[in-house]
Amino acid sequence: MITPPTPGLNSTPRLDFDALVPRFSAAMARLDSVAGLGLEPSLRELVRLHASTINGCAYCIDMHAKDARAGGETQQRLDALPAWRETDWFSPREQAALALTEAVTVLTDGHVPTDVFDAAAQQFAPDELAQLISLLVTINAWNRIGVATRCWEPGSYQPEA
């Protein structure tokens with residue numbers, strides 16, 4: 001499911017996205033501030049990190065790994081996230097969210113299968129499921145901006161103290 005990086009790619013910025021579309025960037029930031037509200041902060045970061053890894057967004061991977069660690073997430077679980085199905089370190093709720101993350105992030109792989117959606121619906125109340133989907137839409141939008149424009153330098157993000 002995770003595509004290896006393309007040889008020769010680097011992080012040289014292509015477009016100063018935030019400067020060129022400041023109102024859109026501000027709108028995305030506002031959207032991000034409300035996406036996933038009501039879900040556990042640790043779950044939000046796992047989902048953001050997993051989608052960012054699938055999408056290959058180096059800036060977002062760095063950001064969400066740092067935020068997850070700052071929130072108390074263990075390095076062991078972060079390291080195992082790409083192989084979450086192979087461990088017993090993730091709760092059924094987290095597993096359902098990670099499976100839905102994969103389905104929503106890679107829509108070309110059969111859209112969102114009914115069994116994946118139903119498994120998430122068993123773990124999340126309807127309002128939580130809607131919040132999870134809003135979080136997935138938002139992180140995938142950020143990833144696409146970052147990957148397309150390389151507008152943010154990987155490694156430059158510093159979590160709030």
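In this predicted model, helices H3 and H4 each supply at least two residues to the lining of the second largest pocket. That pocket makes a good starting point for a tour of the structure. Its volume is about 380 Å³. A total of 15 residues line the second largest pocket, and those nearest its centre are Glu45, Arg48, Asp67, Tyr157 and Glu160. H3 provides the largest share of the lining, with five residues. In chemical character, the lining is made up of six nonpolar, six charged and three polar residues.

From the pocket, attention can turn to the nonpolar interior. In soluble globular proteins, nonpolar side chains tend to be buried together. Here, the largest nonpolar core contains 27 residues, and Val47, Phe90, Leu100, Phe124 and Leu132 are those with the most contacts inside it. Two or more residues of this core come from each of helices H3 (41-55), H4 (58-70), H5 (75-80), H6 (92-105), H7 (114-123) and H8 (126-149). H6 gives the largest share, seven residues. A second core, separate from this one, has 13 residues, including Met28, Ala51, Cys57 and Tyr157. Tyr157 is thus a name to remember, as this residue is also one of those nearest the centre of the second largest pocket.

Phe124 offers a closer view of the largest core, being one of the residues with the most contacts inside it. When neighbours within four places in sequence are set aside, Phe124 is in contact with Leu39, Leu43, Arg93, Ala96, Ala97, Leu129 and Leu132. Among these partners, Leu132 is itself listed with the residues that have the most contacts inside the core.

Aromatic rings come next. A pair of such rings is described by the distance of the centres and the angle of the planes. One aromatic pair is found in a search of the whole structure. The pair is formed by Phe17 and Phe24, whose ring centres are 5.9 Å apart; their planes meet at 85°, so the arrangement is edge-to-face. Phe17 has a relative accessible area of 15% and is buried, whereas Phe24, at 42%, is partly exposed.

Phe17 also leads to Ser25, a residue placed in helix H2 (residues 22-34). Ser25 has a relative accessibility of 11%, so this residue counts as buried, the cut-off being under 20%. Apart from neighbours within four places in sequence, the contacts of Ser25 are with Phe17, Asp18 and Trp142. Phe17 therefore takes part in the aromatic pair with Phe24 and is also in contact with Ser25.

Key. Residues numbered from 1 in each chain as written. Predicted model: local features only at pLDDT ≥ 70, side-chain atom pairs only at ≥ 80, totals over all residues. Heavy atoms only, no water. Core = buried A, V, L, I, M, F, W, Y, C linked by side-chain atoms within 4.5 Å. Buried < 20%, exposed > 50% of the residue type's maximum accessible area, 1.4 Å probe, protein only. Helix = DSSP H or I, 4+ residues; strand = E, 2+ residues; numbered from the N terminus. Contact = heavy atoms within 4.5 Å. 1 Å grid on protein atoms, 1.4 Å probe; cavity = no way out; pocket = protein on both sides within 12 Å on 5 of 7 lines; lining within 4 Å. Points joined across faces, edges and corners; volume = space filled by probe spheres on them. Nonpolar A, V, L, I, M, F, W, Y, C, P; charged D, E, K, R; others polar. Phe/Tyr/Trp six-rings, centres within 6.5 Å; stacked < 30°, edge-to-face > 60°.
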